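Please read this report with the sequence and the model open side by side. The text moves from the whole chain to single helices, then to single residues and to the pockets.

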Amino acid sequence: MTGELAVSTLMILMTVAVHGTGLVYMTSFLQWLDRGGFGVLPRSLRWRRGILAGTTSVALTALHGLEIALYALLFYWLGAVPDPRDAIYFSAISYATIGYSGGLISESWRLLGAIEGVNGTLLMGWSVAFFVTVIARLFPDVHDLPDEHEH
């Protein structure tokens with residue numbers, strides 16, 4: 001159990017560092033893109049906001065995919081899950097706290113799978129907070145929309 005906790009702690013530290021770094025670079029990229037990077041954003045504010053929101057969503061999904069892949073590589077490398085496809089599957093359902101059969105992972109590494117779920121929940125929550133912040137900045141005037149009960 002001590003080994004599992006040590007490996008889990010290292011994975012949490014690594015994925016938090018990866019996630020934080022990813023969000024810093026994502027912020028810089030979104031700011032650069034909004035300032036005219038690539039010269040591809042339309043002048044229409046509606047389209048511009050939509051593209052930036054969509055880019056944020058895709059980038060966050062890719063970041064979570066990377067973190068899932070890191071856990072999957074670890075599971076496979078440890079021999080905890082013998083097949084690469086099953087390692088990705090096990091990692092994804094653990095990370096997203098969907099639940100799984102303990103039969104996919106060796107008994108000696110089950111705690112690592114459970115801790116990945118806790119780690120994934122934290123990182124997804126962080127992403128939601130980031131996404132809400134981006135959307136709030138892209139749509140600062142949304143509170144000015146008329147209430148559906150106002151005529």
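The sections below describe the fold, two helices, three residues and two pockets.

## Overall fold

The model is a predicted one, and its protein chain holds 4 helices and 0 strands, so that the order of elements from the N terminus on reads α-α-α-α. Of the 151 residues in the protein chain, 33% count as buried. Among the contacts in the protein chain with a separation of 6 or more, 65% are accounted for by residues 24 or more positions apart.

## Helix H3 and its ends

Helix H3 covers residues 84-95, and because each of its 12 residues is reckoned at 1.5 Å, the helix should span 16 Å, which agrees with the 16 Å between its end C-alpha atoms. The buried residues of H3 are Ala-87, Phe-90, Ser-91, Ile-93, Ser-94 and Tyr-95, and what covers them includes helix H2 (45-78) and helix H4 (110-138). As general background to such a pattern, an α-helix has 3.6 residues a turn, so residues three or four places apart point the same way.

At the N-terminal end of H3, Asp-83 acts as a cap, with a side-chain oxygen 3.1 Å from the backbone nitrogen of Arg-85. Just after H3 comes Thr-97, with a positive phi of about 50°, a value that Thr-97 takes although it is not a glycine. Most residues other than glycine have a negative phi. Thr-97 lies in the loop between H3 and H4, and Thr-97 counts as partly exposed because its relative accessibility is 48%, which falls between the limits of 20% and 50%.

## Two buried hydroxyl residues

How is the side chain of Ser-94 placed relative to the backbone oxygen of Phe-90? Ser-94 is found in helix H3 and counts as buried because its relative accessibility is 2%, and a polar atom of its side chain lies 2.9 Å from the backbone oxygen of Phe-90.

Thr-56 has its place in helix H2 and is buried, with a relative accessible area of 0%. A polar atom of the side chain of Thr-56 lies 2.8 Å from the backbone oxygen of Leu-52. Leaving aside neighbours within four places in sequence, Thr-56 is in contact with Met-26, Leu-30, Phe-130, Phe-131 and Val-134.

## Trp-109 and helix H4

Trp-109 is found in the loop between H3 and H4, and Trp-109 is buried because its relative accessible area of 16% is under the 20% limit. Not counting residues up to four places away in sequence, Trp-109 touches Gly-3, Glu-4, Val-7, Leu-78 and Ala-80. Leu-78 stands 31 residues from Trp-109 along the chain, while the C-alpha atoms of the two are separated by 8.8 Å.

For H4, the 29 residues should span 42 Å at 1.5 Å a residue, and the end C-alpha atoms are 42 Å apart, which agrees. The buried residues in H4 include Leu-112, Gly-113, Ile-115, Glu-116, Gly-117, Asn-119 and Gly-120, and also Leu-123, Ser-127, Phe-130, Val-134 and Leu-138. H1, H2 and H3 are among what covers the buried residues of H4.

## The two largest pockets

About 340 Å³ of space lies in the largest pocket, which is lined by 14 residues, with Leu-30, Gln-31, Val-134, Arg-137 and Leu-138 lying nearest its centre. Helix H1 (2-34), H2 and H4 are the elements that give two or more residues to this lining. By type, the residues of the lining of the largest pocket divide into 6 nonpolar, 4 polar and 4 charged. Two of the residues named here have appeared above, since Leu-30 and Val-134 are also among the contacts of Thr-56.

The second largest pocket has a volume of about 150 Å³, and its lining is made up of Ser-57, Leu-60, Thr-61, His-64, Gly-65, Ile-68, Met-124, Ser-127, Val-128 and Phe-131. H2 and H4 each supply at least two residues of this lining, and the largest share, 6 residues, comes from H2. The lining of the second largest pocket divides into 5 nonpolar, 5 polar and no charged residues.

Methods. Residues numbered from 1 in each chain as written. Predicted model: local features only at pLDDT ≥ 70, side-chain atom pairs only at ≥ 80, totals over all residues. Heavy atoms only, no water. Expected span 1.5 Å × (residues − 1). Buried < 20%, exposed > 50% of the residue type's maximum accessible area, 1.4 Å probe, protein only. Contact = heavy atoms within 4.5 Å. Polar contact = N/O pair within 3.5 Å; in protein donor to acceptor, adjacent residues only side chain to side chain. 1 Å grid on protein atoms, 1.4 Å probe; cavity = no way out; pocket = protein on both sides within 12 Å on 5 of 7 lines; lining within 4 Å. Points joined across faces, edges and corners; volume = space filled by probe spheres on them. Nonpolar A, V, L, I, M, F, W, Y, C, P; charged D, E, K, R; others polar.
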